[in-house]
Amino acid sequence: MGLRLGDAAPNFKAQTTAGEIDLYEYLGNGWGVLFSHPADYTPVCTTELGRTALLGDEFAKRNVKVLAVSIDPLDKHHGWVKDINETQNTTVNFPIIADEDRNVATLYDMIHPNASATATVRSLFIIGPDKAVKLIITYPASTGRNFVEVLRVIDSLQLTASHSVATPANWTHGEDVIVVPAVSTEDAIKKFPKGVKVVKPYLRYTPQPDL
Ligand code: BEZ
């Protein structure tokens, strides 16, 4: 069975474009995004890695380390990175794992045989500072991921880790959040001094508490 939310993210050592990396050492006490792509020198993957690099400051601001993976070898990664930098007007600033023996792909169930017998699908895992898996998304090879959405989820995860709130549909940083059902309205009024708007007894909003 593949990984599920809340499971411990399997640790590994892997060869990358930045040398050998131990996942847990690489992440330290921060957050991580581990994401696979089907193959080097392919168009959608080129845009995905470029877009991730362009968002490097946004990931850093949130204390998130990024790590990409495919089953292609290191020399291919190095050559391809030059193309990504050139065509996407960026500098790839995160390591790419050369998972030739498919150790990482197997640990994270990134090969879906009914999609492709050999290539990794577009899997993405957000890993928390406790090394637990916080988000899993899987996209087909034909659809590039939205890395602004990944940042949005990280904002939600980081906020909800330390406040008794959840974030509504399409929420972005700065917008009102939802008081979790476990907190009574009476307690919510004490807990959230910026105010609680009760739309229904089970649907209560408060301004984002950490601003
Ligand atoms: C791509 O990254 O463009 C791609 C990779 C595998 C299949 C289809 C598209």
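## Ligand shell, helices and domains in a predicted model

Q: Which helix gives the largest share of the shell around the ligand?
A: This is a predicted model. The ligand is surrounded by Pro38, Thr42, Pro43, Val44, Cys45, Arg122 and Ala141. Three residues of this shell come from one helix, the largest share. That helix spans residues 43–54 and is α2.

Q: How many residues of the shell around the ligand are nonpolar, polar and charged?
A: The shell includes Pro38, Val44 and Ala141. It also holds Thr42 and Arg122. The division is five nonpolar, one polar and one charged.

Q: Which residue has a polar backbone atom 2.9 Å from an oxygen atom of the ligand?
A: Two side chains reach the ligand through an N or O atom: Thr42 at 3.0 Å from a ligand oxygen, and Arg122 at 3.0 Å from a ligand oxygen. The backbone contact at 2.9 Å belongs to Cys45.

Q: What share of the area exposed by the ligand alone does the protein bury?
A: An oxygen atom of the ligand lies 2.9 Å from a polar backbone atom of Cys45. Taken alone, the ligand exposes 260 Å². Of that, the protein buries 70%.

Q: How far apart are the end C-alpha atoms of α2, and what span should its residues give?
A: Helix α2 has 12 residues. Its buried residues are Cys45, Thr46, Glu48, Leu49, Gly50, Thr52 and Ala53. At 1.5 Å a residue, the helix should span 16 Å, which agrees with an end-to-end C-alpha distance of 17 Å.

Q: Which backbone nitrogen does a side-chain oxygen of Asn146 reach at the start of α6?
A: Helix α6 covers residues 147–162. Its buried residues include Phe147, Val150 and Leu151. At the start of the helix, the Asn146 side-chain oxygen comes within 2.9 Å of the backbone nitrogen of Val148.

Q: What is the distance between the end C-alpha atoms of α6?
A: The helix has 16 residues. At 1.5 Å a residue, they should span 22 Å. The end C-alpha atoms agree with this, at 23 Å apart.

Q: What distance separates the centres of domain 1 and domain 2?
A: The domain assignment gives domain 1 as 13–144 and domain 2 as 163–206. The centres are taken over C-alpha atoms. Their separation is 35 Å.

Q: Is Val199 buried or partly exposed?
A: Val199 sits in strand β10, residues 197–200. Its C-alpha atom is 20 Å from that of Gly174, 25 residues apart along the chain. Buried means under 20% relative accessible area. At 44% relative accessibility, Val199 therefore counts as partly exposed.

How values were computed
Residues are numbered from 1 along each chain as its sequence is written. This is a predicted model: local features need pLDDT of at least 70, side-chain atom pairs count only at pLDDT 80 or more; totals for chains, interfaces and linings use all residues. Side-chain values use heavy atoms; hydrogens and water are left out. A residue is near a molecule or strand if one of its heavy atoms lies within 4 Å of it. A polar contact is a pair of N or O atoms within 3.5 Å; within protein, one must be able to donate a hydrogen and the other to accept it, and residues adjacent in sequence count only if both atoms are side-chain atoms. Accessible areas come from the Shrake-Rupley method with a 1.4 Å probe; for residues, only the protein chains shown count as cover. Helices (H or I, at least four residues) and strands (E, at least two) are DSSP runs, numbered from the N terminus. Ala, Val, Leu, Ile, Met, Phe, Trp, Tyr, Cys and Pro count as nonpolar, Asp, Glu, Lys and Arg as charged, and the others, Gly among them, as polar. Domain bounds come from an automatic or database domain assignment. The expected span of a helix is 1.5 Å times one less than its number of residues. Buried means under 20% relative accessible area, exposed over 50%, partly exposed in between (1.4 Å probe, protein chains only).
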